[in-house]
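Visitor: Pick one side chain and walk me through its surroundings, please. After that, carry on to whatever else is worth a look.

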Amino acid sequence: MLAQIRGWQQRHWRERTKAERVELQSVVTWYATTWFFSLCWLALPLVAGVERRPAPLIVGGLLLLAGALQCVEANRLTRAVLDHYLGRRELPPGTLRPAALLLGLALALTLVLAALHGAEPVAVRLAIGASLLPFGLLYGLVAPVPVFLRRFGVLAVVLVCAFGWTEPEAAAIVMVGVLTVFGALFSLLACRCGAWTLSVLWEAERAREVEARLAVAEERLRFGRDLHDVIGRNLAVIALKSELAVQLARRGRPEAVDQMTEVQRIAQESQREVRDVVRGYREADLGVELAGAQGVLSAAGITCAVRGEAGGLDAEAQSALGWVVREATTNVLRHGDAALCDIALTRDAGRVVLTVQNDGAGGAAGGGGSGLAGLRERLSAVGGTLTAGPAGGDLFRVVAEVPLSVREVTA
């Protein structure tokens, strides 16, 4: 059984984002709340307090059935009303009508049971609160708060009058009003507080995704500007000289050959400059990547410590390790659920070792992902290795090793 639970957790829990986990936990809590109150406030008091006469037993049985149907209907509609509150989809008209009819049926059966004096007064009053809760959890996410309070206030007055007729004592009437108000307010607070927390969490998640897309767009713009600055002027010169060479060739002037030779030289120079720009774009500076990783993770609310210096490494080693830092940081942000991240750069026995460890061993554990496969290719090109995987508990560790050159070792 425990193995099945762990397997479900691996497949369904750790694959979810933080917002998805909180939403699932909230929905399950709402599911359980309706059944819990139905059991504690309706089933147990009614079974213990119902009169052992045919009519009360029949009405009590029907009331238990109505309460169970209320819970089933509330569980069925919880996702739909939550999606409506979060703005994911519109709720079709009449969706809550079956739930409202079940509420009316449960309250009517409770009133009949009270009129028959077929159960203890405490059981009847608790049944009122238990009947209100399943519908209130749904209606609180659909109706505006003033509308909710106004309509439940009218319902409270009606219930006080109806049950006051069956038991015209001041204390009993007050208790009916108190339980009605409690059931309405509790259901409103339970659904609204959880749903509001979810809306804020999803808004932060969307802002994080937008920030990531903006960062990518900004990098693309920077790359585009660099390309424009490098080849824009050269292309303009090539166009002018080509036009001049055409005009000279039409006139039979030998200078046309010189102009085309110059065009060829400028084109070759442009190719070299473009390659330099692309090479600079694809190569990562380890020092810059370490500082950037610490800044990005800290901005995301993840405590990040960076130890070690990147100085003294050759360009190829710095580029390969810089890409490891970049990919590991991306995995922590996008896939894991980390609160702490530790990045260490050490040198030992002619090798430099980069270790990136975080406590969010969920989606970050994608050892077979294309990102880590690309890193292994980059490291193998400079004689390095990469290992990635769980390190016990919730820890996930990425270790990259690159050999030091003779100059670096002696330095």
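## A close look at S187

Guide: A polar atom of the S187 side chain lies 3.0 Å from the backbone oxygen of G183, which fits a polar contact (N or O atoms within 3.5 Å, one able to donate a hydrogen and the other to accept it; residues adjacent in sequence count only if both atoms are side-chain atoms). Bear in mind that this is a predicted model, with local features needing pLDDT of at least 70 and side-chain atom pairs 80 or more, while totals for chains, interfaces and linings use all residues. Numbering runs from 1 along each chain as its sequence is written, and side-chain values use heavy atoms, without hydrogens or water.

S187 sits in helix α7, residues 170–250 (helices are DSSP runs of H or I, at least four residues, numbered from the N terminus). Because its relative accessibility is 0%, S187 counts as buried (under 20% relative accessible area, with a 1.4 Å probe and protein chains only). Beyond its neighbours within four places in sequence, S187 is in contact with L133, G136, L137 and F148; contact means heavy atoms within 4.5 Å.

Now over to L159, in helix α6, residues 145–166. L159 is at 6% relative accessibility, so this residue counts as buried too. Residues up to four places away in sequence aside, L159 touches L107, I128, G164, V176 and T180. Take L107 from that list: its C-alpha atom is 8.6 Å from that of L159, though the two are 52 residues apart along the chain.

Key
Helices (H or I, at least four residues) and strands (E, at least two) are DSSP runs, numbered from the N terminus. Buried means under 20% relative accessible area, exposed over 50%, partly exposed in between (1.4 Å probe, protein chains only).
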